[in-house]
Amino acid sequence: MKKIIFILTLCLLMVLVGCNTETPPAAPEPDEQAEPETPEEPEEEPAAEVTILLAAAASLKNCIDKELIPMFAEKHPNITVDATYDSSGKLQAQIEEGADVDVFMSAAMKQMNALNDKGLIKKGTIVELLENKIVLILPIDSLTEIASFEDILKAETIAVGDPESVPAGQYAKESFENLGIWEDVSAKASLGTNVTEVLSWVAAGSADAGVVYATDAASNENVKVVAEAPEGSVSKVIYPIGIIDATTKLEAAQIFTEFLQSEEALSIFEKYGFTAN
Amino acid sequence: MSLEVSIKKKFKGFSLDVNFRTNGEYLGILGASGSGKSLTLKCIAGVETPDEGRIVLNNKVLYDSKKNVNIIPQNRNIGYMFQNYALFPNMTAEENIGVGLKLSKREKKIKTNELMKLFRLEGMSYKYPAQLSGGQQQRVALARIIAYEPDVLLLDEPFSALDSQLKSELHTDFLDLLKLYNGEVLIVTHSKDEVYRFSENLALIEKGTITGFGKTKEIFEKPRTLSEAKMTGCKNISKCIITDNKIYCSDWGIALETKNIPENCNYIGIPSNNFEIVNEEGINTFECKLVNVIEEINEYTIVIENNNGSKTKPIYFNINKEVWDNTKIKDKLHIKINDFYILR
Amino acid sequence: MDWSPMLISLKTASVSIIITFFIGILAAKSVVGMKSDKVRIVIDGLLTLPLVLPPTVLGFFILLILGVKRPLGKFLLDFFSVKIVFSWTATVIAAVVVSFPLMYRSARGAFEQVDKNLIMAGRTLGMSERKIFWRVTMPLALPGIASGGVLAFARALGEFGATAMVAGNIANKTRTLPLAIYAEVAAGNMEGSYGYVAVVVIISFVVLSLMNYFTIKGSKYNNKDELK
């Protein structure tokens, strides 16, 4: 009896191991490298099931998870896209530590450039895909009279991302510095570790005002946008996309990034508050 | 001075149902572990509550389920000595002894000093229980409850926490100290020796009920029931039937004769020193084979069985070492029974 | 190095341990004295819950009660102009909630360890329940309680998840030591955290040593060598 159980367990283990091993991707053909932007004809799909990992900035979570991944799955059912979202700084750190990511989309050029300088991004795969505006938000039922970035000191508590690690925070700091009020703002500021935290604080009413991306404001009905960052006070917020050099699923990664550059995908992005670049 | 107890309480496995009253003399309650004797004391003390019944001490009602009276232990004025003494480890001997006294600080100090002298604890005032010997702890515990002169003393297995080596010496000592107290004492124990030495009256308790009650010496000298015989340590007990004017002991296969056979004769008990080795047959004599010889400190315990072929229970009797060593024929013996108990 | 996170953390932990100490002992005393087993199990479960729930869930519940959009929070804001969330008080509240179960369980364990015969003896000797509690139960339970207090203090010091949610991360006001460490690491600034981490490690070590000391001290009354 014990012997039978032992053999069955062994068989079960072998089946599980077998299911988890992926078929190696087909060797990339040389001309695919030269045109990452718009392929003329559909690429050869890998025949077996492939899963790729996308690491993307937190602000991309809603539109990618809710609409773009399902849309992609319909077109390419054999490619599964797993996604992890967090602040671009943390994702950068994780990729540097060797995380098994295939595609990276950050909320600023800084992190993408940092990885690229270290040779971690496949040459020629970086595309400056989207732009996101920086906006000032208040809790939806707030009566505080704040109508512009300059007015923000009227708020008792201000929520911004930590400029050291959160791009949205970097931009907020940049904007306030250009207005000459950053010192005063940071004295009252609660620093969030990612932009979603900042958004939740304002939505809950715990913070009287906050600075987030236009896309975040659009996603939460408990906040209202009262101003955009003044023209010229802040550099453009660019969302680049790139393929990690160490990827073992290059073909699938390329198919996915190409999809994100398509008209269909871009219109979804715009729906969520982004601007196509 | 008297204590009347009549209580019932459901307990793990059995029901406690006891009824007794004291008459001013010491009462010993003898029973095996788990027979309910400690529980009885705890109900009298008030730290446990019976399901129903009545407890009256010196004409003061401590508990009456019908009238909804249940006086809290603090107000019952009883002295309870726990098996492990329950001395407060964070208080000195002196503080422990004085804890039940409701006097001013000065008066308390005088009284506790006096008690410590009487209980031979001089010099132990500032010692903590952990620093005292077993005997000293026992004296502190006794002093503690005698100090405030309660209406009754309840002693829960006062010697079980001590080495048997000390016990004997301490028994007399303890009895002397008890004399310093003028009230009734209830002592609960599983030791026959203790109950024999300490109490004039005896109650036997088995599985929650009292199966025997009377004067201690009388019960030990002449038990009248199966229960009394068993609990006073009679090792040889057999069922019996009366046939032909003889008492036939079915467990041993022997017939006994006696002058007046009473009506209620259901069992026979033979104490282990009531046997004699004889040379021939006779009344109340039977032939038996030797099963075992157990050497005790001062004597031998001889284990024998009836030699008439059928399977019978063994019988144990004690014999002086010299006498046994001088007995020539040891395998086949004629044993005469000199006296026996007729039990209900 | 900016010392303010450390000062804030110490202030928060100190105030919270005072609160937790009293309510923890009170709760333990009530639970130990409960007659009904069923009720005791339920209440004990509720009081221990914060120990096993993730701190963010605890933060969620605190917000549910004190957030400015919730009845109580709104009431305090409208009538007393008091906003608890994002204030230093909120750090104390978060610290109390997470460290309470530790204090409670230690106190409860300490009370239950006290030999029940001692309590019965006290009663038969005429001691009132109050006198028994202060002269017998508490002195014997104190080492266990102290040990629990030390543990609760350490937990309050290290509290992070719930604090971020209800108190925010405001420099010099609610930025506690754990939040400061997290921010430094998130910014990729490992060097900046060395100082803070060293402080935390030292305090934790001191805490553990104190706990051991109290535990040993607790067996004092049972050990005749200790008493000399």
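A residue counts as buried if 20 or more other C-beta atoms lie within 10 Å of its own, as exposed if 12 or fewer do, and as partly exposed in between. Keep that rule at hand for the exercises below, and remember that this is a predicted model.

**Exercise 1. Two residues with positive phi**

Task: Decide whether C:Phe86 is buried or exposed, and then do the same kind of sorting for B:Asn58.

Solution:
- Step 1. Start with the backbone: phi of C:Phe86 is near 65 degrees, a positive value in a residue other than glycine.
- Step 2. Find its place in the chain. C:Phe86 belongs to the loop between α4 (71–80) and α5 (88–113) of chain C.
- Step 3. Count neighbours. C:Phe86 has 26 other C-beta atoms within 10 Å, so C:Phe86 is buried.
- Step 4. Now turn to B:Asn58, which is not a glycine either and has a positive phi of about 50 degrees.
- Step 5. B:Asn58 sits in the loop between β4 (52–57) and β5 (60–64) of chain B. Because it has 14 other C-beta atoms within 10 Å, B:Asn58 is partly exposed.

**Exercise 2. A strand with two faces**

Task: Work out which side chains of β4(B) point to the buried face, and which strands pair with β4(B).

Solution:
- Step 1. Recall a general pattern: in a regular strand the side chains alternate between the two faces of the sheet.
- Step 2. Apply the pattern to β4(B). B:Gly53, B:Ile55 and B:Leu57 point to one face and are buried. B:Glu52, B:Arg54 and B:Val56 point to the other face and are not buried.
- Step 3. Look for partners. β1 (residues 3–10) of chain B pairs with β4(B) in the antiparallel sense over six bridges, and here B:Val5 has B:Ile55 as its bridge partner.
- Step 4. β5(B) also pairs with β4(B) in the antiparallel sense, over four bridges. In this pairing, B:Arg54 is matched with B:Asp64.
- Step 5. Link back to Exercise 1: the hairpin of β4(B) and β5(B) has two residues between the strands, and B:Asn58 takes its positive phi there.

**Exercise 3. The sheet of chain A**

Task: Find which strands stand at the edges of the six-stranded sheet in chain A, and describe how helices lie on this sheet.

Solution:
- Step 1. Write down the order. The sheet is open, with mixed pairing, and runs β2-β1-β3-β10-β4-β11 (chain A).
- Step 2. Read off the ends. β2 (79–86) and β11 (275–276) of chain A each have a single partner strand, so one side of each has no neighbour in the sheet.
- Step 3. Inspect one pairing. Strand β1 (residues 50–57) of chain A pairs with β2(A) in the parallel sense over eight bridges, with A:Ala57 bridged to A:Asp86.
- Step 4. Add the helices. α4(A) lies across β1, β2 and β3 (103–105) of chain A and runs at about 135 degrees to β1(A). Helix α10 (residues 250–260) of chain A packs on the sheet too, and its direction makes about 155 degrees with that of β10(A).
- Step 5. Zoom in on A:Ile238, found in strand β10 of chain A. It has 17 C-beta neighbours inside 10 Å and therefore counts as partly exposed. Leaving out residues up to four places away in sequence, A:Ile238 touches A:Ala108, A:Met109, A:Glu128, A:Glu131 and A:Asn277.

**Exercise 4. Where chains meet**

Task: Which element gives the most residues to the side of chain C that touches chain B? Which element does so on the side of chain A that touches chain C?

Solution:
- Step 1. Size up the meeting of chains C and B: 18 residues of chain C are in contact with 17 residues of chain B.
- Step 2. Name the contributors. α6, α7 and α11 (224–227) of chain C each give two or more residues, and α6(C) gives the most, with six residues.
- Step 3. Sort this side of chain C by type: 10 residues are nonpolar, six polar and two charged.
- Step 4. Look at α6(C) (residues 116–124) itself. Its buried residues include C:Leu118, C:Met120 and C:Ala121. Their cover includes α1 (37–45) and β7 (78–81) of chain B, together with α7 (129–157) of chain C.
- Step 5. Move to chains A and C, where 17 residues of chain A are in contact with 15 residues of chain C. β7(A) gives the most to this side of chain A, with four residues. This side divides into six nonpolar, eight polar and three charged residues.

Methods. Residues numbered from 1 in each chain as written. Chains lettered and ligands numbered in written order. Predicted model: local features only at pLDDT ≥ 70, side-chain atom pairs only at ≥ 80, totals over all residues. Contact = placed C-beta atoms within 7 Å. Nonpolar A, V, L, I, M, F, W, Y, C, P; charged D, E, K, R; others polar. Pairing = 2+ DSSP bridges. Axes fitted to C-alpha atoms, helices over the stretch in contact; angles between N-to-C directions.
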